[in-house]
Amino acid sequence: MTSDRSTPALYEGGRGALWPAFDARIRAGREALEHRHGVLVAGVWGSGRTTLLRALVCGEEADGASVLRLAPGQGDERRAFSGLAHLLAAVPPDLLTSLPPAQQSVLRQVMHHVPAPAPPCDALAVRLAVTALLAAAGEVRWLLAVDDEQWLDAASADVVRHVARALAPGRIRTAVTVRTALQPALGHRVLSEHAPRIVLDPLTLEETVLYLESRGERAATAVAVHRDSGGHPLLVQALAAGLSSAATDADCGAVRTARELAAAWIATVDAGVRDTLARLALAHDPTRLQVRRTWPTATDAHLSAALEAGILKPLTGDRIAFAARALQAEVADSSTESTTAHAHRALAATAPDPVHAARHQLLGEDRPSDDVLNTADEAAALARAGGDRALSADILLAAAARTPNAQRHAQLRRLVAAAEDAGAAGRADLALRAADALAAARAGAAEAVALLAVVDASGQELADLDELLLRARRLARDDPALLAAVDMRSAIRHNLGGRPEEARQAALGAVRHASAARLPDLRAAALTMQARIERITGHPGARRTLELALAVPHSDRQLPLRDTPQYLATRHALFDDRLEEAGTALSGLLPLAEESGSAEDLQEVLRSLAELEVRRGSCMRALHWSARALAVGRAAGLSLGPAWYTCATAAAAGSSFDEAARFARLGVLVSREAGDLVFTSRNLLALATVELVTGEPDRAVANLGRVAELEQTQAVRDVTMLRWQPERVEALAVTGQQEPAARLLTALRNSASPSALATGWGAALDRAEAVHLAHANRRNEAVALLERAGEHFAGLGLRIEEGRTHLMRGRVERGRRRGASARRAGDRAMALFEEAGARPWAALAHTFLYAAEEAGASPRGPAMLTVTERRVADVVVSGASNKEAAQRLFLSVKTVEATLSRVYRKLDVRSRNQLAAALRPS
């Protein structure tokens, strides 16, 4: 009856909580014990159940409770009253002797009966005796702490549950942990089924980022750590400890390796289950049906046991997967070569996908025939055509490793193709494997191709890329095609690193080399890169360069989509707020990106779609595209700075400002760490905008100052790309810094081109100047500018910006004591936000309108309801619940509830029936 010592503690040694929410879970547990007298903590092996229980026990002891601990072990569930016997042994002896002799006799039978399998006496008598025993302690308040309740015998569980109900309320509190992934209700054998439940879910990717950052590790590694650990706390901790070569001996002693922990977790299931897992680890996207067809001895009971242990997790349909890649790797690595070969051959016969069948056939043989190798080549081509470039790279690497040395040409061909596929898929690990194999084969220029694929797969991760590019340049020698490709990557590297002139020179070099090599596709890409940098820096030839790129005859399918002039032209349409043109182009580019198999191309198009929908005011679609972009980046292991920026802007439009700030902070962290100045500044802008509109203008001023510094470092001259200048003017004005705001306004007005002023940037500058004027007590001029800005935004179709402008006008009108005008502006803003599904902005408008209504007296009656109040009232009267009304109107439930309360108060009604009557025409 000891606790499971195979699970190390997560929070010892003063190193801080692994979960950012750990303290909140302790508070939730304490509140549940105080107000509901019980709490259930559920989680898988190593999730921290015992640690949380220990914290709750310490808190209760500090408050004067007497604690009775139960820690049943595996097998105790088969010994009746074994748990109760250990509980009684912990009770002070004088309490036992205070009971009547008959009850003493019953309890002594229980204590001395263990480990007999049958109960020693009547269960009712035991219940009554234990209740009397704990009641005899007078005013003592008990805490019963049961760790690993799944191993508590049923007889003991029945008695404990009865006692908790029988004693006076508050005299006994019960904290229970249960090791389970699927059945937390097991804990209700002791607790009431209504007891609060804390489920210890895996860490999110964001929590993993914050944990790594708190340890001083590179947050950019969080994607790989989270993928390999599945968010499991102990595995996250072990993988994080393994990242740093500077880990102390104390750290290494305190934290077991991820492999050791994975092995310990797997050891919690029996040998038959482990055997099934060993074979399952080799299958791709397996289903229960496929497992049964492939290995008849792998029973559903095996799968159910692994799912209950949390080693496997259920997916949609009957699909299953390992909960962490570390578990899958440990199971696969622990298998014998014979088991692995037999499993691959079995999977080759049952895999429904011919590509995977060919892969398994290849992996099942050490010396495959030429027919098998050729079939693998065909399978890789099919995977590539289907957009799964990572699978193609994996197959080709396996085929190359099994290609006889006498077939050197075929071996090198496979390695080069594998590298190119890996680069497109964003799989730097696979590209590196190909590069290393080509280096070992002394493949010269072919190795350079693989190194460039590693660069491509690294995305915004800029560390160590300079060395790779220098090595690739040396290997390229006098090959103009390879030199052009190296120059292209160098241009990207310099652009992201904030060195625009070096970037432009590298792009010009790529144009020269591509022209010398007579490669129109590569020349078009090089001109596109040149045009991109020239627009950023305000070079007068930017438009002409892009026209040249568009005029070069080339095949879009031979280039990364993000390097095509067509994609850059689409981005420029977005910058210029030509939304219909951008939307039409992106609709055609999305299928191409999906078919390409390039994770970075797909993420780029999805990010552009999200940006487009934010500007259009289609917030739900923007959230959809941004979520897909993040998922693509996570799956491919790309740097998440760009995706988190997109998520931040989409969340600020349609989800919540808090969520937007969280995404932006994460984006700043990983982008700054990677040396990516472009997305550091973008994420800082997203964060500053949230701070500005949510009442933290001082923070906004500081972050916008950082954006200004980064933009100056990058020599950015195009104000339409990252529209931070109007936000900075507004933030300075709101914080009382009128002179700096005026100077910045003057500088922007003097330098702005007519084309920039024609975009939403020009309208935003009008709005920012209006804020400056309003704070300078020139409100009449401010209203005129806001009217102009609103019309400008409306003409461009920028609905959220239009709504933001009307909301600002309402505030200025209220400052002029024009109550009716203020309400009309607020109602117009609310209508635009609701139509767009811009929930956080609708909440701001709601707050403004509520304050305006409270400030002025208005007669009761339906005529005095605001637009929003009337809409909410009409939907509710139609029979919708508050939740249904919120979904229908794109509001939060709390907003609906608050609005409905105001409607009731205005109309002096107390029910929905009375509301319906009040709204009927008289």
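**Exercise 1. Determine how many salt bridges a search of the whole structure finds.**

Solution. The search of the whole structure yields 56 salt bridges. The structure is a predicted model, and the exercises below take up some of these pairs.

**Exercise 2. For the salt bridge between arginine 79 and aspartate 76, state which partner is buried and which is partly exposed.**

Solution. Step one concerns the distance: the closest N and O atoms of arginine 79 and aspartate 76 are 2.7 Å apart. A salt bridge requires such atoms to lie within 4 Å, so the pair qualifies. Step two concerns accessibility. Aspartate 76 has a relative accessibility of 8%; because buried means under 20%, aspartate 76 counts as buried. Arginine 79, with a relative accessible area of 31%, is partly exposed.

**Exercise 3. Classify glutamate 613 and arginine 621 as buried or exposed, or as partly exposed, and give the N to O distance of their salt bridge.**

Solution. The salt bridge joins the side chains of glutamate 613 and arginine 621 at 3.5 Å, N to O. The relative accessible area of glutamate 613 is 3%, and this residue is buried. For arginine 621 the value is 46%, which makes the residue partly exposed.

**Exercise 4. Identify the helices that hold glutamate 801 and arginine 767, and state what their pairing ties together.**

Solution. First, the side chains of glutamate 801 and arginine 767 form a salt bridge of 2.8 Å, N to O. Second, glutamate 801 belongs to helix α42 (residues 799–815), whereas arginine 767 belongs to helix α40 (residues 760–775), so the pair ties together parts that are 34 residues apart in sequence. Third, glutamate 801 is partly exposed at 27% relative accessibility, while arginine 767 is buried at 3%. Elsewhere, Arg30, Glu60, Asp63, Arg141 and Arg173 are joined into one network by salt bridges that share partners.

**Exercise 5. Describe the packing of helix α28 against helix α29, including the character of the residues in contact.**

Solution. Begin with the geometry. Helix α28 (residues 542–551) packs against helix α29 (residues 565–575) at an angle of about 140°, and their axes are 9 Å apart. That angle makes α28 oblique to α29, because angles count as roughly antiparallel when over 145 degrees. The crossing of α28 past α29 is left-handed. Next, list the residues: α28 contributes Leu546, Ala549 and Leu550, and α29 contributes Pro565, Gln566, Leu568, Ala569 and His572. Finally, sort these residues by character: six are nonpolar, two are polar and none is charged.

How values were computed: Residues numbered from 1 in each chain as written. Predicted model: local features only at pLDDT ≥ 70, side-chain atom pairs only at ≥ 80, totals over all residues. Heavy atoms only, no water. Axes fitted to C-alpha atoms, helices over the stretch in contact; angles between N-to-C directions. Helix = DSSP H or I, 4+ residues; strand = E, 2+ residues; numbered from the N terminus. Parallel < 35°, antiparallel > 145°, perpendicular 65-115°, else oblique. Left-handed = near helix turned anticlockwise from the far one by under 90°. Contact = heavy atoms within 4.5 Å. Nonpolar A, V, L, I, M, F, W, Y, C, P; charged D, E, K, R; others polar. Buried < 20%, exposed > 50% of the residue type's maximum accessible area, 1.4 Å probe, protein only.
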